[in-house]
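This text walks through two parts of the structure, a helix and a ligand site. Please keep the sequence and the 3D view at hand while reading.

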Amino acid sequence: MKNNSKINSWLTNLNLSHPLVISGPCSAETEEQLLTIAHQLKNTDTSILRAGIWKPRTRPGNFEGVGKIGLQWLQKAKKETGLLTATEVANPKHVELALQHDVDVLWIGARTTVSPFSVQEIAEALKGVNKIVLVKNPVNPDLALWIGAIERIYDTGITQLGAIHRGFSAYGKSKYRNTPEWQIPIDLKLHLPNLPLLLDPSHIGGRRKLIFDLCQTALDLNYDGFMIEAHHQPDEAWSDAKQQITPKVLEEITKKLIVRKKAESESEFTNTIKLLRSQIDATDTKILQVLGNRMEIAEEIGRLKKENNVAILQSKRWDEILETMIAIGNENKLSKDFVEKLFKAIHQESIAHQKKVINKN
Ligand code: PEP
Ligand code: MN
């Protein structure tokens, strides 16, 4: 499927706005709620109305979606507004019901993409169907698993395909609800250049105020559009209240976004970027050489520790290093989170070098 140009035909054929905007509530809650939102979105850049009908909730006891009845509301919204419709499907029964209610776009959620069994079952239920299917990244940062799910859908004959980048789970506190790990969708684009790629800033950010910056970054990386959660009364939403925005705010965001030219062919641009890239390459080489020097010093310390029968890990010293480096990092505009991750990796590599020395007879 690598060079198949058909997989993006839907994007051009539908003559939708660029960037494509899919928007709507996290969950369909009531008929009135969905129709109100749909009518408000009709006056924005939105082309496709999204609404979750079956909700995969992390913990039991939360609102799990209205189920089948919500599909009738989606159908009504389509009739009244002319917007195309989209919903999440997680099993063949969902696919069957969505098809019966003429949903235009089916998406596979992040918790489903992780399971090849589930994706295969959905793929088989989609045989011979002429719909647009979007595959969200799996919750874990695994590019092959994401590609595998896309291939399973493609292999059953669906050619109108796309991917949605919604971020990846991480343990512990972070600025994001799901970390973007931009390198993964970039690698997906390198692997499948024709596959439309959309950003879901709502589930990455988890908070309204992160949405604009995430969308701008995606445009700068040549994404094709967005899936953004919108609700007429976000604070009252039955799921994902913190990240939903009103259709009015959505419109403000899309108006403010800058769509830059794909300027690789412009000579001045090409020359400048080449220059900057060579500077990056040279800097990266320097970083590795300096790290190599650091490991030599660590080995020297390892030899000393061996002679004096001292343990490799000296926690106090390590805490001091980390504290100092975070401060220096701060002076150099490097985030605490980055410095911590970097030095944890460096420290591990140092320990490995010291171990090698100490265990040598
Ligand atoms: C959603 O789009 O509401 C949703 C559940 O998303 P994800 O599969 O990305 O968690
Ligand atoms: Mn949601």
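A starting point is Asn222, which sits just after helix H10 and takes a positive phi of about 65 degrees. The model shown here is predicted.

From there, step back into the helix itself. H10 spans residues 211-220, and seven of its ten residues are buried, so the helix is largely enclosed by the rest of the structure. Buried here means that a residue has under 20% relative accessible area. The residues of H10 that meet this cut-off are Ile211, Phe212, Leu214, Cys215, Gln216, Ala218 and Leu219. What covers them? Among the elements in contact with the buried residues of H10 are two strands, E7 (197-199) and E8 (225-229), and two helices, H9 (201-205) and H11 (247-256).

The second part is the site of ligand 1. Around ligand 1 are Cys26, Arg50, Lys55, Glu88, Trp107, Gly109, Ala110, Arg111, Lys136, Arg166, His203 and Glu229. Sorted by class, this shell has seven charged, three nonpolar and two polar residues.

Which distances do polar side-chain atoms of Arg50, Lys55 and Arg166 keep from oxygen atoms of ligand 1? For Arg50, a polar side-chain atom lies 2.7 Å from a ligand oxygen. In Lys55, a side-chain N or O atom is 2.8 Å from an oxygen atom of the ligand, and for Arg166 the corresponding distance is 2.6 Å. On its own, ligand 1 has 290 Å² of accessible area, and the protein covers 97% of it.

Conventions
Residues are numbered from 1 along each chain as its sequence is written. Chains are lettered from A and ligands numbered from 1 in the order in which they are written. This is a predicted model: local features need pLDDT of at least 70, side-chain atom pairs count only at pLDDT 80 or more; totals for chains, interfaces and linings use all residues. Side-chain values use heavy atoms; hydrogens and water are left out. Buried means under 20% relative accessible area, exposed over 50%, partly exposed in between (1.4 Å probe, protein chains only). Helices (H or I, at least four residues) and strands (E, at least two) are DSSP runs, numbered from the N terminus. Contact means heavy atoms within 4.5 Å. A residue is near a molecule or strand if one of its heavy atoms lies within 4 Å of it. A polar contact is a pair of N or O atoms within 3.5 Å; within protein, one must be able to donate a hydrogen and the other to accept it, and residues adjacent in sequence count only if both atoms are side-chain atoms. Accessible areas come from the Shrake-Rupley method with a 1.4 Å probe; for residues, only the protein chains shown count as cover. Ala, Val, Leu, Ile, Met, Phe, Trp, Tyr, Cys and Pro count as nonpolar, Asp, Glu, Lys and Arg as charged, and the others, Gly among them, as polar.
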